[in-house]
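The following report describes the architecture of the structure shown here, beginning with one strand pairing and then turning to the sheet, its helices and the nonpolar cores.

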Amino acid sequence: MKQIVVISGKGGTGKTVLTASFASLAGNKVMVDCDVDAADLHLLLKPEIKERYEFRSGVTARIDRDICQECGECISVCRFEAISQDFKVDPVSCEGCTICSHVCPAGAIVMEENVSGEWYISETKYGPLVHAKLGIAEENSGKLVAKVRQIAKEIAEREGRDYVIIDGPPGIGCPVIAAISGVDLALIVTEPTLSGMHDMERVAQVSKHFGVSTKVVINKYDLNLKNSETIKQICEQADIEVVARLPFSRQVSESIVQGIPLVEFSRNGISGDIALLWERIK
Amino acid sequence: MIISVASGKGGTGKTTVAVNLALSLTNVQFLDCDVEEPNAHLFLKPQIHTKKVATIPIPQVDESLCDYCGKCREVCAYNAIAVFPGDEKKQGSGVLIFPHLCHGCGGCTLLCPRKAIHEVDKEIGVIEAGMCGDMHFVHGTLHIGEIMSPPLIRQVKQYIYRSRTVIIDAPPGTSCPVIGSVKGSDFCILVTEPTPFGLHDLVLAVEVLEKMNIPFGVVINRSDIGDGGVENYCKSRHIPILMHIPFDKEIAVLYSNGIPFVREKKEYFRKFADMFAAIGGAMNGKSSR
């Protein structure tokens, strides 16, 4: 079983469009959407939710105003500026460290468990999809990413699937690290813009740092041929293979509007390049 | 006034809007809070004059004072401390700290009965400040392999200089780093694209801002590629659409080369300045009500 994650550093370079195309091209696989705070893969794969679970993670402070003496001890120990001068807890700022509940002399602070999202096991015409929705303004996206990956891996092992195909989040922080750890291949989608290049270099350093095999796809390469050449050179120096160069194509947003994987929206042009790309990494 | 620029979905044009807006105004301070992937400096090319290491406090245990009672492990909500009491003679005893899991809350240090814990600084990133013309510029860069971007974002925001118009470039998404970036803003500009992806993530971003009670409006980028979903949603929810930026190959190429497009397409100076005035007008209308 091979786990392949699509990441990018910079957002909006084409992760989900590529992942959905791989979902269509690959045989016998499980898909995972690890972009849990802005998940979009389901818009293309049209899942039917089979199982639904609460994601419980962390705690939030609540002050019982009937018991509170307003001594201010909690405000002085909180490093997250989560308790206001009138003793209201801002649940968005509270990181659930629980220290206020330990120091409160009146015992007026209780920590309540958060339901910070949901995760799902779904059926699609391409195979199982494990995905999630992080609650609005909730934390612990890294833990939710780890959860959906673990479930997908279990399904793949149980059902003897050949691939786990993972749509990764943007950035280089907590959810990205959870999405790439232990995969067989991290495919970085970049674009020939200074931002895309800058972000690719950073996320490639992260995957290297965690010892993950890494390859690069240059999307919209024809937007700036000079920058595309520079990306090739950067990758050569870092010993990273550039496995494909995909052209700018209006078919991409048209396929998103239609809500189907790009390789099913059209069979020629960029779709042919993606099919070739899949053959090279599968 | 503090205006943040956020989006839900990545790659919709946050940095483009933030940078071009900043260049269209005077007396501006620009904060790039996308510390995982900061990009604004590629466009603004600031002269950096100060560079400061950003740290978070993590615990260090003085084992000559520690009796391995386990209180620190018990109070740590993040499982960042393991305590091994060892045998009766304390053989094999020890305390292990996992710095990557530590949120720097200070609880273990505060609550250790033997005062055996003190805090040391752990580097998580760098904050650089400088000038771009008469614009103040600050950004943070998270070190590779670090997972805690919110503390770095908080530290970047300590540079906020309220007598200027503060423009904050936020990271994508809807979770902690975004919340940390837009918190305290007077207004938030949400940049989206008119596709089902753009709409789906815009709806999430709107929910975040409503929960945080921050007024907002929408900029539709590449407004002629896609469908009418975003437009219809904004109209039905009475969300102000602040600007349309049609797809323009020239803008895309300028972007790819790190050139803010207002420098070449001067008509946009006026559009961004007008947008800012409209935001200010809406804000004043609100506060006088």
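## Sheet, helices and cores

Ile3(B) has Ile167(B) in strand 8 of chain B as its bridge partner. The model is predicted: local features need pLDDT of at least 70, side-chain atom pairs count only at pLDDT 80 or more, and totals for chains, interfaces and linings use all residues. Residues are numbered from 1 along each chain as its sequence is written, while chains are lettered from A and ligands numbered from 1 in the order in which they are written.

Strand 1 and strand 8 of chain B run parallel and are joined by four bridges. Strands are DSSP runs of E of at least two residues, and helices are runs of H or I of at least four; strands pair if at least two bridges lie between them. In chain B, nine strands make an open, mixed sheet in the order 3-6-7-2-8-1-9-10-11. Its edge strands are strand 3 and strand 11, each paired on one side only.

Two helices of chain B are set against strands, with angles (0 to 180 degrees) taken between N-to-C directions of axes fitted to C-alpha atoms.

| Helix (chain B) | Residues | Angle and reference strand |
|---|---|---|
| Helix 5 | 149-157 | about 165 degrees, strand 7 |
| Helix 7 | 196-212 | about 170 degrees, strand 9 |

The largest nonpolar core (buried Ala, Val, Leu, Ile, Met, Phe, Trp, Tyr and Cys residues joined through C-beta atoms within 7 Å; buried means 20 or more other C-beta atoms within 10 Å) has 153 residues. Ile167(B) is among those with the most contacts inside this core, and helix 7 of chain B gives the most to it, with seven residues.

Terms used: Two residues are in contact if their C-beta atoms, placed from the backbone, lie within 7 Å. A residue is buried if 20 or more other C-beta atoms lie within 10 Å of its own, exposed if 12 or fewer, and partly exposed in between; C-beta atoms are placed from the backbone.
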